[in-house]
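Morning, everyone. Please have the sequence and the model open while I talk.

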Amino acid sequence: MARTDSGAAAGFKRVARGELGYSPKQVEKFMEAARSYLRGSRSSETVTSHDVRTVAFDAVRGGYDAGQVDAALDRLEDALARRERDELIDSEGEDAWLHEVGYLAGILRNRLLRPDGDRFRRPSRTGSPSYNVKDVDDLCHRLLDYLEHDATMSADDVRTAVFRTVTGADGYEETQVDAFLDRCVELIAKIA
């Protein structure tokens, strides 16, 4: 059950006191830095779409609802990716943007073209949780269709992908798959 007595300034609800949520202090600090950067404040540090995609907050009891914060971060990442694209095109031209997109697409495409079951490494530790190979390969087929056949796909389709968990070498190593999917989100956001 969510508490409603909090986060009004940040716009996020808190989870119940006994539940875990994101550290309000850390979330507010990051969001304020992003807002300041987007407003063009001279004193602000640059916040990139990559920063948003990789930010992590401590889990604390009674913290901000993770789902709400994650949804806001997704919107922020998309806005920053659009801004970065526009700034690159304004400063270096559309060819520079196309080169950047083409380079990243080529890297991703090389892995997507690997055979089913061989796209990612298997966990090195026995008993480690891993992602179901078929689930991951199915998403990879969709991503390849997006790259090669202009199939419809959004960054949110990748962000919200869910894979069944298996144990050890029966699946793909989670960290490698997650890193790859982060790059896929980066590419889709650059193109969108």
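Let's start inside, with the lining of the largest cavity. By class, that lining has 2 nonpolar, 1 polar and 5 charged residues. Keep in mind that this is a predicted model. Who are the residues? The largest cavity is lined by Ser49, Arg53, Glu77, Ala81, Glu84, Glu186, Ala189 and Lys190. Which helices bring them in? Helix H2 (49-54), helix H3 (66-92) and helix H7 each supply at least two residues of that lining. The volume of the largest cavity is about 40 Å³. How many cavities of 30 Å³ or more are there? The count is 1.

Now to the pocket. The largest pocket has a volume of about 550 Å³. Its lining takes in 24 residues. Nearest the centre of the pocket lie Arg53, Asp70, Asp74, Arg159 and Asp182. Arg53 is also part of the lining of the largest cavity. By class, the pocket lining has 14 nonpolar, 3 polar and 7 charged residues. Helices H2, H3, H6 and H7 each give at least two residues to the pocket lining. Which helix gives the largest share? That is H3, with 6 residues.

Stay on helix H3 for a moment. Arginine 85 is in this helix. Is arginine 85 buried or exposed? Its relative accessibility is 17%. The cut-off for buried is under 20%, so arginine 85 counts as buried. What does arginine 85 touch? Leaving out residues up to four places away in sequence, arginine 85 is in contact with Trp97, Lys190, Ile191 and Ala192. Lys190 came up a minute ago, in the lining of the largest cavity.

Next, the nonpolar cores. The largest one has 29 residues. Those with the most contacts inside this core are Val136, Leu143, Val158, Val177, Phe180 and Leu181. Four helices each supply at least two residues of this core: H4 (94-112), H5 (133-149), H6 (155-159) and H7 (174-191). Take phenylalanine 180 as an example. Not counting residues up to four places away in sequence, phenylalanine 180 touches Leu108, Arg111, Leu112, Phe120 and Leu143. Leu143 is itself on the list of residues with the most contacts inside the core. Apart from the largest core lies another, of 16 residues. Among its members are Phe12, Val27, Ala34 and Leu73.

On to the sheet. Here 3 strands form an open sheet, in the order S6-S5-S7, with antiparallel pairing. Why is one side of S6 and of S7 left without a neighbour in the sheet? Strand S6 (165-167) and strand S7 (171-172) stand at the edges, each with a single partner strand, so one side of each has no neighbour there. As a reminder, strands of a sheet pair through backbone hydrogen bonds, either parallel or antiparallel.

Now the register. S5 and S6 run antiparallel and are joined by 3 bridges. S5, residues 129-132, and S7 also run antiparallel, joined by 2 bridges. Where does tyrosine 131 pair? In S6, its bridge partner is threonine 165. In S7, the bridge partner of tyrosine 131 is tyrosine 172. Asparagine 132 has glycine 171 as its bridge partner in S7.

One backbone detail. Aspartate 150 is not a glycine, yet it has a positive phi of about 55 degrees. Where is aspartate 150? In the loop between H5 and H6. Is aspartate 150 buried or exposed? The relative accessible area of aspartate 150 is 70%. Exposed means over 50%, so aspartate 150 is exposed.

Last, the whole chain. There are 7 helices and 7 strands. From the N terminus on, the elements run β-β-β-α-α-β-α-α-β-α-α-β-β-α. The C-alpha trace spans about 50 × 50 × 25 Å along its principal axes. Of the 192 residues, 41% count as buried. And the contacts? Take those in the chain with a separation of 6 or more: residues 24 or more positions apart account for 76% of them.

That's my tour. Over to you.

How values were computed
Residues numbered from 1 in each chain as written. Predicted model: local features only at pLDDT ≥ 70, side-chain atom pairs only at ≥ 80, totals over all residues. Heavy atoms only, no water. Core = buried A, V, L, I, M, F, W, Y, C linked by side-chain atoms within 4.5 Å. Buried < 20%, exposed > 50% of the residue type's maximum accessible area, 1.4 Å probe, protein only. Contact = heavy atoms within 4.5 Å. 1 Å grid on protein atoms, 1.4 Å probe; cavity = no way out; pocket = protein on both sides within 12 Å on 5 of 7 lines; lining within 4 Å. Points joined across faces, edges and corners; volume = space filled by probe spheres on them. Nonpolar A, V, L, I, M, F, W, Y, C, P; charged D, E, K, R; others polar. Pairing = 2+ DSSP bridges.
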